[in-house]
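Open the model in your viewer and keep the sequence panel visible. The tour below says what to select at each stop and what is found there.

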Amino acid sequence: MGKITTLFLLLLIQPFLQKTELQELNLKNQTFSAKVVRIMDGDTMEVLYQKTPIKIRLAHIDCPEKRRSQPFGNNAKQALSDLCFGQYVIIYRQKYDRYRRLIAVVKNQKKQILNQEMIRQGMAWHYKKYSTDAGYAQLEITARKNKAGLWRDANPIAPWDWRKPKPKLHV
């Protein structure tokens with residue numbers, strides 16, 4: 001009886017699974033336009049493409065953590081929102097990450113590349129662990145020199161360091 005129930009449930013959800021797989025195949029190595037419907041933080045957004053929500057992670061950058069109350073986390077989220085919320089953007093798809101977010105370069109209606117603009121405004125680091133693009137490295141150097149955004153802080157902490165588990169103090 002359990003096998004029949006499992007088989008029945010699989011048959012019920014199969015159309016949804018196929019749609020997801022097809023969606024990924026359709027987006028592979030494509031450029032597409034979609035509406036930004038949600039900003040999760042400074043480097044992650046959700047777009048609506050063909051009535052399907054898709055999470056986008058901006059390539060080449062890492063922003064302060066909003067979730068763990070890192071300084072400038074809320075500022076980075078607001079900066080990304082100001083650049084694109086409610087707009088149709090062009091998404092240059094690169095790949096999917098382990099969280100099934102689409103890693104992409106995104107251009108807004110003003111033809112600004114959001115990934116670069118976030119670094120230019122001092123709201124993101126060049127994520128050198130995953131990007132060797134010299135252009136992003138140069139944008140970060142310039143933002144640091146200009147003390148833009150988070151670079152006004154005396155000791156800004158990179159998000160990848162902020163996310164590391166903190167040692168527990170024993171009393």
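**Stop 1: Met118**

Select Met118 and show its neighbours: leaving out residues up to four places away in sequence, Met118 touches Gly42, Ile61, Cys63, Ala76, Ala79, Leu80, Leu83, Met123 and Ala124. Contact here means heavy atoms within 4.5 Å. The residue sits in helix α3, residues 114–120. Helices are DSSP runs of H or I with at least four residues, strands are runs of E with at least two, and both are numbered from the N terminus. Is Met118 buried or exposed? Met118 counts as buried because its relative accessibility is 0%; buried means under 20% relative accessible area, exposed over 50%, and partly exposed in between, with a 1.4 Å probe and protein chains only. Now add Cys63, which is 55 residues from Met118 along the chain, with 8.4 Å between the two C-alpha atoms.

Before moving on, note that this is a predicted model in which local features need pLDDT of at least 70 and side-chain atom pairs count only at pLDDT 80 or more, while totals for chains, interfaces and linings use all residues. Residues are numbered from 1 along each chain as its sequence is written, and side-chain values use heavy atoms, with hydrogens and water left out.

**Stop 2: Thr44**

Select Thr44, in strand β2 (residues 44–49). Thr44 is buried because its relative accessible area is 5%. Its side chain makes a polar contact with the side chain of Asp43, at 3.1 Å. A polar contact is a pair of N or O atoms within 3.5 Å; within protein, one must be able to donate a hydrogen and the other to accept it, and residues adjacent in sequence count only if both atoms are side-chain atoms. Beyond four places in sequence, Thr44 touches Ile39, Ile56, Arg57, Leu80 and Arg101.

**Stop 3: the whole chain**

Zoom out and colour by secondary structure. The chain has five helices and seven strands, and from the N terminus the elements run α-β-β-β-β-α-β-β-α-β-α-α. Of its 171 residues, 41% are buried. Among contacts between residues at least 6 apart in sequence, 60% join residues at least 24 apart.

Finally, switch on the surface. The chain exposes about 11100 Å², and carbon and sulfur atoms supply 56% of this area. Accessible areas come from the Shrake-Rupley method with a 1.4 Å probe; for residues, only the protein chains shown count as cover.
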